[in-house]
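Subject: Structure handover and notes

Hello,

Here is the structure you asked for, with notes on what was found in it. Please read the notes with the structure open beside them.

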Amino acid sequence: LILPDPGAASVSCAMKREDGSVHSAAVFQVNPLPPPVIALGPVQTGDTLSVEELAHLEFTAKLEHLEIDIPFDWKGFQLSTLSGGRVVTFTSEDQHLTQEMLRGMEVLPSGTQLFFSSVEVSTPDGATHRAPNLLVYKR
């Protein structure tokens, strides 16, 4: 991946031949990376899931319409829920649910709201992207 200077509109590639001469090979237009689509597996807002189902899921990010493998730097997310009349918030530092989150959900009654927020990932261009909040229910 070639990252040009900020504000550059194109990148020129050249090759050096065995005789020492330099040949301009191509000029490529530079466009910023589109924002990634971030999801917790196939889960949609309003879905009802068991703790076992959630344990097998992780947040993913992809760039739609681009067939290149981009490395993402996960910043983490928060999971909040109401337990015993108070809001309890768990934090993950990557795209995975933590064991603490899973243990906390085990004791919650069915129908409890699970609110995923602050889901953040950075792309190689240094931009940080935040996913929309996600509300699901415990089965």
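Is Lys16 buried or exposed? Lys16 is exposed, because its relative accessible area is 66%, where exposed means over 50%, buried under 20% and partly exposed in between (1.4 Å probe, protein chains only).

Some ground rules before the rest. This is a predicted model, in which local features need pLDDT of at least 70 and side-chain atom pairs count only at pLDDT 80 or more, while totals for chains, interfaces and linings use all residues. Residues are numbered from 1 along each chain as its sequence is written, and side-chain values use heavy atoms, with hydrogens and water left out.

Lys16 and its surroundings

Lys16 sits in strand S1 (residues 10-16). Strands here are DSSP runs of E with at least two residues, helices are runs of H or I with at least four, and both are numbered from the N terminus. Leaving out residues up to four places away in sequence, Lys16 touches Ser21 and Val22, contact being heavy atoms within 4.5 Å. From Lys16 to Val88 the C-alpha to C-alpha distance is 61 Å, with their positions 72 residues apart in sequence.

Aromatic pairs

There are three aromatic pairs in the structure. Rings of Phe, Tyr and Trp (its six-membered ring) pair if their centres lie within 6.5 Å; planes under 30 degrees apart count as stacked, over 60 as edge-to-face and the rest as tilted. For Phe59 and Phe116, the ring centres are 5.9 Å apart and the planes stand at 70 degrees, so this pair is edge-to-face. It links distant parts of the chain, with Phe59 in strand S5 (residues 59-62) and Phe116 in strand S8 (residues 113-122), 57 residues apart. Both Phe59 and Phe116 are buried. Ring pairs also bring in Phe77, giving a cluster of Phe59, Phe77 and Phe116.

Ser117 and Ser118

Next to Phe116 in the numbering is Ser117, also in strand S8. Ser117 is buried, with a relative accessible area of 10%. Beyond its neighbours within four places in sequence, Ser117 is in contact with Phe77, Gln78 and Asn133. Phe77 is thus a contact of Ser117 as well as a member of the ring cluster.

Ser118 is in strand S8 too, but Ser118 is partly exposed, at 22% relative accessible area. Its phi is positive, about 55 degrees, although Ser118 is not a glycine.

His65 is another residue other than glycine with a positive phi, near 70 degrees. His65 is found in the loop between S5 and strand S6 (73-83), and at 79% relative accessibility it counts as exposed.

Salt bridges

What is the count of salt bridges? It comes to three, taking a salt bridge as a side-chain nitrogen of Lys or Arg within 4 Å of a carboxyl oxygen of Asp or Glu.

- Glu53 pairs with Arg139, the closest N and O atoms being 3.0 Å apart. This bridge links distant parts of the chain: Glu53 is in helix H1 (residues 51-55) and Arg139 in the segment after strand S10 (134-138), 86 residues apart. Glu53 is partly exposed, at 33% relative accessibility.
- Arg130 and Glu120 meet at 2.7 Å, N to O. Arg130 is in strand S9 (residues 128-130) and Glu120 in strand S8, ten residues apart. Arg130 counts as exposed at 53%, and Glu120 as partly exposed at 23%.
- Asp73 and Lys75 meet at 2.8 Å, N to O. Asp73 is partly exposed at 40%, and so is Lys75 at 41%.

The second largest pocket

This pocket holds about 180 Å³ of space. On a 1 Å grid over the protein atoms alone, a pocket is an open set of points where a 1.4 Å probe fits, with protein on both sides within 12 Å along at least five of seven lines; lining residues have an atom within 4 Å of a point. Grid points are joined across faces, edges and corners, and the volume is the space filled by probe spheres set on them.

Phe59 is one of the lining residues, and Asn133 is another; the others include Ile38, Val43, Val119 and Pro132. Strand S3 (residues 37-40) gives the largest share of the lining, three residues. By class, the lining has nine nonpolar, three polar and no charged residues. Here Ala, Val, Leu, Ile, Met, Phe, Trp, Tyr, Cys and Pro count as nonpolar, Asp, Glu, Lys and Arg as charged, and the others, Gly among them, as polar.

Regards
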